[in-house]
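User: Please take a close look at a single strand of this model, and then follow its links outward, in one connected account. I would like to know which side chains are covered, which are not, and how the charged ones are placed.

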Amino acid sequence: MNNKLTLKPKIVTDDETFSFDNIEFSQAIFIQASVDGTLLNEIEHLRDSLLVFPELKKSLSGNGRYLLFTSANGIADSGGWNGVEVRLTEFTVTWTFSIDEIETQKYQYEFKYVEYLQSIIELEKELRYLQTKYVLEPSVIIFPEDWN
């Protein structure tokens, strides 16, 4: 069964503040991701995570481990993030991951490759314009220590 990934920018204007994981943001863009209509931030173990757009885009380059999610401060280790295993085929993109190495809480999503690619391309077009006014968050990303 294929899942449906939807990506949308969430904008916090300069006259607003947005508190996320006890950090205040203003004049920022966040990527809201949903799978099959459910916002990923509504899933218990993903509540305090931010989607890392540069890594999402990079995930199109081949199989491997990508830091698709991180904590609000951008430090992967502080949020228990150790990456998402991404597997690409001609027709599908599969994400497999667990949070903070809790093996019982494993997540797996499979997307149609063409839809995944299109979602990323469309979001990238929107971000090009938005990033002239706002900062894409997380703006600083610190990868897990064991990725050296």
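Analyst: A residue is called buried when its relative accessible area is under 20%, exposed when that area is over 50%, and partly exposed in between (1.4 Å probe, protein chains only). With 31% relative accessibility, Glu85 therefore counts as partly exposed. The model is predicted, so local features need pLDDT of at least 70 and side-chain atom pairs count only at pLDDT 80 or more, while totals for chains, interfaces and linings use all residues. Residues are numbered from 1 along each chain as its sequence is written, and side-chain values use heavy atoms, without hydrogens or water.

Glu85 belongs to β9, the strand I have chosen, where it shares the uncovered face with Arg87 while Val84, Val86 and Leu88 make up the covered face. Strand β9 spans residues 84-88; strands (E, at least two residues) and helices (H or I, at least four) are DSSP runs numbered from the N terminus.

Which strands pair with β9? On one hand there is β7, residues 64-66, which pairs with β9 in the antiparallel sense over three bridges, two strands being counted as paired if DSSP finds at least two bridges between them. The other is β10, which runs antiparallel to β9 and is joined to it by four bridges. Within these pairings Glu85 has a partner in each neighbour: Arg65 is its bridge partner from β7, and Thr96 is its bridge partner in β10. The connection between β9 and β10 is a hairpin with three residues between the strands.

Returning to the uncovered face, Glu85 forms a salt bridge with Arg87, whose closest N and O atoms are 3.2 Å apart; the term stands for a side-chain nitrogen of Lys or Arg within 4 Å of a carboxyl oxygen of Asp or Glu. Arg87 is partly exposed because its relative accessible area is 41%. On the covered face, Leu88 offers a link to another region: its C-alpha lies 8.8 Å from that of Ser61, although the two residues are 27 apart in sequence. Ser61 sits in the loop between α1 and β7 and is exposed, with a relative accessible area of 61%.

The covered side of β9 leads on to the interior. β9 is one of the elements that give two or more residues to the largest nonpolar core, and the others are β1, β4, α1 (53-58), β10 (92-98), β11 (106-112) and α2 (113-130). This core has 36 residues, those with the most contacts inside it being Trp95 and Phe97; a nonpolar core is a set of buried Ala, Val, Leu, Ile, Met, Phe, Trp, Tyr and Cys residues joined through side-chain atoms within 4.5 Å. Helix α2 provides the largest share, five residues. A second core of seven residues stands separate, with Val12, Phe20, Ala28 and Leu50 among its members.

Two of these contributors, α1 and α2, also meet through charge. The structure as a whole has four salt bridges, and one of them joins Lys57 to Glu124 at 2.3 Å, N to O. That pair connects distant parts of the chain, since Lys57 lies in α1 and Glu124 in α2, 67 residues away. Lys57 is partly exposed at 37% relative accessible area, whereas Glu124, at 18%, counts as buried. Glu124 also forms a salt bridge with Arg128, with 3.9 Å between the closest N and O atoms, and these two residues of α2 are four apart, about one turn of the helix. Arg128 is exposed, its relative accessible area being 56%. Shared partners thus join Lys57, Glu124 and Arg128 into one network of salt bridges.

Strand β4, another contributor to the core, makes a useful comparison. Seven of the eight residues of β4 (28-35) are buried, and eight bridges join β4 to the antiparallel strand β1, residues 5-12, with Leu5 standing opposite Val35. Two further bridges join β4 to β12 in the parallel sense, where Leu136 is the bridge partner of Ile29. β4 also runs antiparallel to β5 (38-39), again over two bridges, including the one that pairs Ser34 with Leu39. β4 and β5 form a hairpin with two residues between them, and Asp36 in the turn has a positive phi of about 55°.
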